[in-house]
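I opened this one to look at how the chains meet and how the strands line up. Here are my notes, in the order I took them.

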2 protein chains.
Amino acid sequence: MQTSSLHHRPALRAGLLGFGTVGAGTHGVLASNRATIRARAGCAIDLTMVATRTASRARAAADDGIEVLDDPMQLVRHPGLDVVIEAMGGTTDARDCVLEAIAHGKHVVTANKALLATHGEEIFAAADAQGVTVGFEAAVAVSIPIVKALREGLVANEIEWLVGIVNGTSNYVLTQMGAAGRSYADALAEAQALGYAEADPSLDVGGGDAAHKLALLAAMAFGGPPRLGEVHVEGIDALQAVDFLHAARLGYAVKLLAVARRCGGELQLRVHPALVPRASLLAQVDGRMNGIMVKGNAAGVTMYYGAGAGARETASAVVADLVDLARALRGGGRMCVPALGFHEGAAASPVMAARGGVRSRNYLRLGLDGPDAGARALDALARHGVPAAKGVQSHNTLVVLTQEVPESSMALAMRELGAMAGVQPGLTRLRVEALDQG
Amino acid sequence: MQTSSLHHRPALRAGLLGFGTVGAGTHGVLASNRATIRARAGCAIDLTMVATRTASRARAAADDGIEVLDDPMQLVRHPGLDVVIEAMGGTTDARDCVLEAIAHGKHVVTANKALLATHGEEIFAAADAQGVTVGFEAAVAVSIPIVKALREGLVANEIEWLVGIVNGTSNYVLTQMGAAGRSYADALAEAQALGYAEADPSLDVGGGDAAHKLALLAAMAFGGPPRLGEVHVEGIDALQAVDFLHAARLGYAVKLLAVARRCGGELQLRVHPALVPRASLLAQVDGRMNGIMVKGNAAGVTMYYGAGAGARETASAVVADLVDLARALRGGGRMCVPALGFHEGAAASPVMAARGGVRSRNYLRLGLDGPDAGARALDALARHGVPAAKGVQSHNTLVVLTQEVPESSMALAMRELGAMAGVQPGLTRLRVEALDQG
């Protein structure tokens, strides 16, 4: 095991894997803000080595006197580095490189939420055994120091719930659908044209990316490992513009939420579109921005807002992790914040809630055919223990806000409505997320 | 010098000075969340001693097996403590106690913004010399981990500006004036009746408390010591309900802002009521809540929201500082984050902006007497280089939004308007604060 101290060293020496958006952004911020970063860290942070196959971009790094390698494995094994910044993406090569860096006594900083949500337990354990740290502030809501808030700032609290808008691409699409009345397809095409969405946007609009982030957030808030497989995921691709209008009339915005909620000792993890009260701060998180609201039993509700993507925005978090490390090494100790905020063995993993028992309020939109279909639909809901808190019928559309009911009742009620004469196929159901703001 | 390590120690031993709101809240949160705090800190945090003259409350502490003393000096000198929590308030005895605790090798945690804004430089230097730390997360916007965000999370950024609502009492009064059309006197009386405002509310509504917090925030954002004397302060006590109506019609809310802004290499520090665009997240920070928006050159705009007062809310931050300390001592090193975020000697103190050169947009309300007084007033403004971006006249009232102009031009223009025939005495002027949200 090699560990490093900065007691007699003028700089933290960093190597960078990958020179795409995150890598180039980190290179840029370290250069443009060099004096301030040095003053805050207490020593320089020197990017001395880059491994990349992007030849043209690598030239920019080489111009700064940075050694450019082809082979990431050569970089992670290099004895002249204190820390490796993993900015290559993916979960296969990235995992191999990160584990190899750790095995060589290197600290690691990464923005790779997919990697940590999938292989975090293995990676954190390896780092712990080697006495190195894995910084991942950039992995969730890049510019917002939410990892620091959960692992350190809110450490005195039993967390009750955490609700976040953590995927900028889908939030941009939803904002366009809500503000401009665009269809999902049009809003997505616009996002793609602007470079806000990938050619294959499925990880963003399908909720998978938000699930990666939620798994990490929930582990820090409630203890236990990242439990990606336990996250219930619904995307935004089935949403229709008309539901944004109905929601607005009822006082709500539509957002893709990542929700971790402890209820009666059980933990819910879910990603789905939901109606959010217009008056809530989360409803005002628009465009590509991210926002995360956390309720603790001491702090009450706190909320964090900022950019969810971008080269320099991500670099802001990557460099914060580097400075944490530089300060700790300079102080002569090791980093003392556990990877997920709990010391080994101390965190009781909360029990996962069974799906059917999860309670929510709901928004339902039904197309009706007969004159009495609306009344019969409301009857059917009531019969299944899904009383309407509010029902608005106009022409052949019935919009219902239900009271809070368990998922199992909702499922039965929706099955009956789906088969009911006079109710058109293609029932729309969205959850309504209550947010106590203060 | 005594320093302490937790390598072979099962607990961080804390002594508490004062058992008022903050002290009792800290005692309560340490008790109610004991298991979670221990799991996160890696060791127990034991409150072993309290010094207080509040006998009845002290009994609650004594019931928990805590030793209760009369004499704070006896506590800060006690060899069995690792850290002293200063919750006595004030700046005289508190200063003596904190310096004595430091001299005896104790770490200090405090929520006392007045103390640190006034004597911070002396206290931080003493702590540095003794190798101990002074935690003050609770001193600004209690439940929001903004100290951590500025000193650590945003450390990669050159900060461009920081705008905060950091006084819950005045924000409650302004929210009531805006929402319910209450007069200042009525809203303040209500706040006092609810216990949200002190019998002598001058530190809150006069802007002094916000200035204490701004001095600390600005030091962390821009470097240099807390410069309380450099903060331009205006309170909310002269505000009239009618201006909230005009502001709302123009698309603005009225808030008491604490502003630190770097402009052309110069730093502005100011606390004053201002018009804030309704669409801004800061405009939605209502009631007793606090919100702070920060613009950095890498992260862009981030925003932090939470309770600005309360026993458990303050304790959330106090305990976070204790856990930071417990983790650092457990890790075998010393705390490695400098008190104000910059390492000694490294932070260039920014030059203060001269008052007359500070530029702002402005809201003006004038009472008019003659039929042509409005046109003459607009002429006078233009003559002094204060062009109106918008002017609305109805009956005998003229409301003007000016373009961005230097304070010196504003002062001259207002002097002329104040002496102009046809313009009634008691001109109202408020600044308009632009907030780029994303």
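**Entry 1: across the two chains.** I began with a single pair: in β12(B), Y305(A) has M303(B) as its bridge partner. The strands concerned, β12(A) and β12 (residues 300-307) of chain B, run antiparallel and are joined by three bridges. For the record, I call two strands paired if DSSP finds at least two bridges between them. Helices (H or I, at least four residues) and strands (E, at least two) are DSSP runs, numbered from the N terminus.

**Entry 2: ground rules.** This is a predicted model, so I kept local features to pLDDT of at least 70 and side-chain atom pairs to pLDDT 80 or more, while totals for chains, interfaces and linings use all residues. Residues are numbered from 1 along each chain as its sequence is written, and chains are lettered from A and ligands numbered from 1 in the order in which they are written.

**Entry 3: confidence.** The predictor gives the complex an ipTM of 0.95 and a pTM of 0.95. For chain A I noted an average pLDDT (the predictor's confidence in each residue, from 0 to 100) of 93, with 96% of the residues scoring at least 70. Residues 1-8 of chain A stay under 50, and the model has 17 contacts for them beyond four places in sequence.

**Entry 4: the interface.** How many residues of chain A are in contact with chain B? I found 58 residues of chain A in contact with 59 residues of chain B, where contact means that C-beta atoms, placed from the backbone, lie within 7 Å. On the chain A side, the elements giving two or more residues are α2 (34-41), α7 (146-153), β11 (289-296), β12 (300-307) and α13 (311-330). Of these, α13(A) gives the most, with eleven residues. By class, the chain A side divides into 28 nonpolar, 20 polar and ten charged residues. My classes: Ala, Val, Leu, Ile, Met, Phe, Trp, Tyr, Cys and Pro are nonpolar, Asp, Glu, Lys and Arg are charged, and the others, Gly among them, are polar.

**Entry 5: domains of chain A.** The assignment gives domain 1 (11-142 + 311-330), domain 2 (146-308) and domain 3 (356-432); such bounds come from an automatic or database domain assignment. I looked at domains 2 and 3 of chain A, whose C-alpha centres lie 25 Å apart. Eleven residues of domain 2 are in contact with nine residues of domain 3. On the domain 2 side, α12 (241-249) and β10 (266-277) of chain A each give two or more residues, and β10(A) gives the most, with five.

**Entry 6: β9 and its partners.** Following β10(A) back, I found that it pairs with β9(A) in the antiparallel sense over twelve bridges. One facing pair is A253(A) and V276(A) in β10(A). The hairpin has two residues between the strands, and G264(A) takes a positive phi near 55 degrees there. β9(A) also pairs with strand β7 (residues 159-165) of chain A, antiparallel over four bridges, and V163(A) stands opposite V259(A). Is β9(A) enclosed or open? Eleven of the twelve residues of β9 (residues 252-263) are buried, so the strand is largely enclosed by the rest of the structure. I count a residue as buried if 20 or more other C-beta atoms lie within 10 Å of its own, exposed if 12 or fewer, and partly exposed in between, with C-beta atoms placed from the backbone.

**Entry 7: one leucine.** I picked L30(A), in helix α1 (residues 21-32) of chain A. It counts as buried because it has 25 C-beta neighbours inside 10 Å. Leaving aside neighbours within four places in sequence, L30(A) is in contact with I37(A), I45(A), L47(A) and V319(A).

**Entry 8: chain B.** An open sheet of six strands has the order β3-β2-β1-β4-β5-β6, with parallel pairing. Its edge strands, each pairing on one side only, are β3 (67-69) and β6 (134-135) of chain B. Further in, four bridges join β1 (residues 11-17) to β4 (residues 83-86) of chain B in parallel, with L16(B) opposite I85(B). Last, I checked helix α2 (residues 34-41) of chain B: its buried residues are T36(B), I37(B), A39(B), R40(B) and A41(B). They pack against α1 (21-32), β2 (44-51) and α13 (311-330) of chain B.

Key:
Two residues are in contact if their C-beta atoms, placed from the backbone, lie within 7 Å.
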